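User: I am new to this structure and would like a close look at a single part of it, taken slowly and with each step explained. Could you choose one part towards the end of the chain and tell me how it is placed, what lies around it and what it shows to the outside?

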Amino acid sequence: MMQNLFERQEGVPKLNRNRNRNRNRDRNRSYAQAALVVGLMVFGRMALAGTGGEEFDPIWQSLQGWMQGTLGRVVAGAMILVGLVGGVVRQSIMAFATGVGGGVGLYNSPTVIESIMSATIHPAFV
């Protein structure tokens, strides 16, 4: 049985042939992935984010009003208060900083989402 593992065929031991097959398969897969990425970049069209979907506008406006209105301020204040209490209990300022960060993030998240979803990429002139 040991002779079969190391038996030479075409000048290469069987173990090395299997390793070479695995390496070649991995290399070919990497080349295929790279070709796909290059193809998508070369043949890509204009990317438009955030177009259409007007039927969801009332929902978005409602969520935006909640986050930046009175409800959002109450939740942000509660996050800061919980962070302050957690900081006192743990004797660390990090819990307070996390509460402040959460509150600020909650209030500003509609602006960030609007900025991301309204971005457009124009095709390059060829």
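Analyst: A helix here is a DSSP run of H or I at least four residues long, a strand is a run of E at least two residues long, and both are numbered from the N terminus. With that in hand, Val85 can be placed in helix 4, and the part I would look at is the pair made by helix 4, residues 70-90, and helix 5, residues 94-117. Please keep in mind throughout that this is a predicted model.

First, the setting. The protein chain has five helices and four strands, and along the sequence they follow the pattern α-β-β-α-β-α-α-α-β. Of the 126 residues in the protein chain, buried ones make up 10%. The accessible surface comes to about 10,500 Å², and carbon and sulfur atoms hold 64% of that surface. Among contacts with a separation of 6 or more, 59% join residues that are 24 or more positions apart.

Now to helix 5 itself, whose buried residues are Ala95, Gly99, Gly103 and Pro110. What covers these buried residues includes helix 3 and helix 4, and a few distances help to place those two neighbours. On the helix 4 side, the C-alpha atoms of Val85 and Gly99 are separated by 9.8 Å, although the two residues are 14 apart along the chain. Val74, which also lies in helix 4, is 29 residues from Gly103 in sequence and 9.4 Å from Gly103 in space, C-alpha to C-alpha.

These two valines of helix 4 fall into separate accessibility classes. Val74 counts as exposed because its relative accessibility is 54%, where exposed means over 50%. Val85, at 47%, counts as partly exposed, because that value lies between the 20% and 50% limits.

On the helix 3 side, Gln68 is a useful residue to follow. Gln68 belongs to helix 3, which spans residues 57-68, and at 23% relative accessibility Gln68 counts as partly exposed. Apart from neighbours within four places in sequence, Gln68 is in contact with Arg73, Tyr107, Pro110 and Thr111, and Pro110 is one of the buried residues of helix 5. A polar atom of the Gln68 side chain also lies 3.2 Å from the backbone oxygen of Tyr107. Asn108 is 40 residues from Gln68 in sequence, yet their C-alpha atoms are 7.7 Å apart in space. It is at Asn108 that helix 5 bends by about 50 degrees, with a proline, Pro110, following within four residues.

Between helix 4 and helix 5 there is a loop, and Gln91 lies in it. Gln91 counts as exposed, because its relative accessibility is 75%. Most residues other than glycine have a negative phi. Gln91, however, has a positive phi, near 55 degrees.

Finally, the outward side. A nonpolar patch on the surface is formed by Ile80, Leu81, Leu84, Val85, Val88, Val89, Ile93, Met94 and Phe96, which together have about 870 Å² of accessible area. Helix 4 and helix 5 are the elements that each give two or more residues to this patch, and helix 4 gives the most, with six residues. Phe96, a member of the patch, is found in helix 5, and at 30% relative accessibility Phe96 counts as partly exposed. Val85 thus appears twice in this picture, both as a member of the patch and as the residue whose C-alpha atom is 9.8 Å from that of Gly99.

Methods: Residues are numbered from 1 along each chain as its sequence is written. This is a predicted model: local features need pLDDT of at least 70, side-chain atom pairs count only at pLDDT 80 or more; totals for chains, interfaces and linings use all residues. Side-chain values use heavy atoms; hydrogens and water are left out. Buried means under 20% relative accessible area, exposed over 50%, partly exposed in between (1.4 Å probe, protein chains only). Contact means heavy atoms within 4.5 Å. A polar contact is a pair of N or O atoms within 3.5 Å; within protein, one must be able to donate a hydrogen and the other to accept it, and residues adjacent in sequence count only if both atoms are side-chain atoms. Patches are made of residues with over 30% relative accessible area and no salt bridge: like charges are joined within 9 Å, nonpolar side chains (Val, Leu, Ile, Met, Phe, Trp, Tyr) within 5 Å. Accessible areas come from the Shrake-Rupley method with a 1.4 Å probe; for residues, only the protein chains shown count as cover. A salt bridge is a side-chain nitrogen of Lys or Arg within 4 Å of a carboxyl oxygen of Asp or Glu. The bend at a residue is the angle between axes fitted to the seven residues ending there and the seven starting there.
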